[in-house]
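This report covers strand pairing in one chain, with attention to hairpins and to the sheet built around a central pairing partner.

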Amino acid sequence: MKNLFKIRWIILLLPVIGLFACTSEECDCVEPPVVCSDQVMLSTELYNNGPNDIVQIIDAEIKDDSIYIEFGASGCDGSTWELCLVDAEVVMESYPEQRLIRLSLYNEELCDAYFTRKVSFDIRPTQTQLDKVILHLSGWDTPLLYEY
């Protein structure tokens with residue numbers, strides 16, 4: 001009788017153990033958002049597959065070693081937005097050389113209000129061996145010349 005009781009518990013626990021044994025490749029696991037900083041991140045993977053919630057670029061300009069981006073997005077108040085500036089790690093050979101960047105927004109706010117915000121990022125990691133580079137910001141039609 002005791003063995004039958006043990007077998008029942010094992011049978012009941014097997015599915016629970018299976019839930020914890022799966023890998024992210026086997027399960028539909030939700031990965032946490034990337035931890036962003038105030039510096040541009042060089043990552044092809046993040047550029048192509050990172051958070052990409054809808055943002056509207058209102059203005060963008062470069063001053064010294066920083067890019068200032070004014071943007072708008074929907075939300076409740078924008079306090080939980082997570083922003084990264086991501087570079088695709090592709091240097092297009094021209095003079096000056098060119099790079100692709102995008103503002104990556106992770107936005108879980110489910111409100112219909114619209115907020116604007118101005119942010120800045122250190123863009124020194126985008127420097128090449130030349131003394132300038134053109135940055136193409138996704139969602140902004142005007143190329144940005146970064147001279148250093």
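Strand 2 and strand 3 make a hairpin with two residues between them, and aspartate 64 in that turn has a positive phi of about 55°. Strand 2 covers residues 56-63 and strand 3 residues 66-75; the two run antiparallel and are joined by seven bridges. Within this pair, isoleucine 57 has phenylalanine 71 of strand 3 as its bridge partner. Strands here are DSSP runs (E, at least two residues), numbered from the N terminus, and two strands pair if DSSP finds at least two bridges between them.

The model is predicted: local features need pLDDT of at least 70 and side-chain atom pairs count only at pLDDT 80 or more, while totals for chains, interfaces and linings use all residues. Residues are numbered from 1 along each chain as its sequence is written, and side-chain values use heavy atoms, with hydrogens and water left out.

Five strands form an open sheet in the order 1-4-5-7-8, with mixed pairing. Its edge strands are strand 1 (41-42) and strand 8 (144-147), each of which pairs on one side only. Strands of a sheet pair through backbone hydrogen bonds, either parallel or antiparallel.

Strand 5 has pairings of both kinds. With strand 4 (residues 82-92) it runs antiparallel over eight bridges, and the two form a hairpin with four residues between them. With strand 7 (residues 132-137) the pairing is parallel, over five bridges. Residues that face each other across these pairings include the following.

| Residue | Opposite residue or bridge partner |
|---|---|
| Cysteine 84 | Serine 104 in strand 5 |
| Valine 86 | Arginine 102 in strand 5 |
| Leucine 100 | Histidine 136 in strand 7 |

How much of strand 5 is buried? Eight of the ten residues in strand 5 (residues 97-106) are buried, so that the strand is mostly covered. Buried means under 20% relative accessible area, exposed over 50%, and partly exposed in between, with a 1.4 Å probe and protein chains only.

Arginine 99 lies in strand 5. Arginine 99 counts as buried because its relative accessibility is 7%. Its side chain makes a polar contact with the side chain of aspartate 87, at 2.8 Å. A polar contact is a pair of N or O atoms within 3.5 Å; within protein, one must be able to donate a hydrogen and the other to accept it, and residues adjacent in sequence count only if both atoms are side-chain atoms.
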